[in-house]
Amino acid sequence: MLRAYVLQGALVVTTAILAWHLQGSEFAWAALYGGVTALANIGMLLRRWFRGRHAYHADVGRHLRQFHRSSLERFILVGTMLATGLAGFRLEPLPLLLGFIVGQFAWMFAMLALKID
């Protein structure tokens, strides 16, 4: 899973460099920020996954509560980061969202390319 995360990061940076050459620095910074938001989202997912590997239990209710909490934490993180990018840093909305979408697709692509379950 860490290899997929590194590949996702590399694809996000590559996208930002490509955006820099095609659209300029403002577009590239916004796209990079969106990609970093996707990396933070997956980083929290990986943190939960690693913690879950060592704290194994068979309580279904506890699993469901942890799943719900994890999804809520990630939703709040992504929402806060995107709102900060739009309102706080005054980044352009389209490249920021495109960078986030590319970052999320990069994770799916990396998982498929490395054939990780």
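The protein has four helices and zero strands, and this architecture is seen here in a predicted model. Read from the N terminus, the order of elements is simply α-α-α-α. The C-alpha trace extends over about 50 × 35 × 15 Å along its principal axes. Of the 117 residues in the protein, 32% are buried.

Helix packing is a good place to start. Two packed helices are described by the angle between their axes and the distance between the axes. For helix α1 (residues 2-23) and α2, the axes come within 8 Å and cross at roughly 170°. Since angles over 145 degrees count as roughly antiparallel, α1 and α2 are therefore roughly antiparallel to each other. The contact of α1 with α2 is made by 17 nonpolar and six polar residues, with no charged ones.

Further along the chain, α3 packs with helix α4 (residues 93-113) at an angle of about 150°, and the axes of this pair lie 10 Å apart. That angle makes α3 roughly antiparallel to α4. As for handedness, the crossing of α3 past α4 is right-handed.

Attention now turns to the empty space around these helices. Rolling a probe the size of a water molecule over the atoms shows where empty space is left. The largest pocket found in the model has a volume of about 410 Å³. Its lining consists of 16 residues, and R48, W49, G52, Q66 and F67 are the ones that lie nearest the centre of the pocket. Both α2 (25-54) and α3 (60-88) supply at least two residues each to this lining. The largest share, seven residues, comes from α3. For anyone thinking about the chemical character of the site, the lining divides by class into five nonpolar, six polar and five charged residues.

One residue of α3 offers a handy local view. V60 is found in this helix, and at 65% relative accessibility V60 counts as exposed, because the cut-off for that class is over 50%. V60 can also be placed relative to R47: the two are 13 residues apart in sequence, while their C-alpha atoms are 20 Å apart in space.

Taken together, the predicted model shows an all-helical order of elements, α-α-α-α, with α1 and α2 roughly antiparallel and α3 likewise roughly antiparallel to α4. The largest pocket draws on both α2 and α3 for its lining.

Technical notes:
Residues numbered from 1 in each chain as written. Predicted model: local features only at pLDDT ≥ 70, side-chain atom pairs only at ≥ 80, totals over all residues. Heavy atoms only, no water. 1 Å grid on protein atoms, 1.4 Å probe; cavity = no way out; pocket = protein on both sides within 12 Å on 5 of 7 lines; lining within 4 Å. Points joined across faces, edges and corners; volume = space filled by probe spheres on them. Nonpolar A, V, L, I, M, F, W, Y, C, P; charged D, E, K, R; others polar. Buried < 20%, exposed > 50% of the residue type's maximum accessible area, 1.4 Å probe, protein only. Axes fitted to C-alpha atoms, helices over the stretch in contact; angles between N-to-C directions. Parallel < 35°, antiparallel > 145°, perpendicular 65-115°, else oblique. Left-handed = near helix turned anticlockwise from the far one by under 90°.
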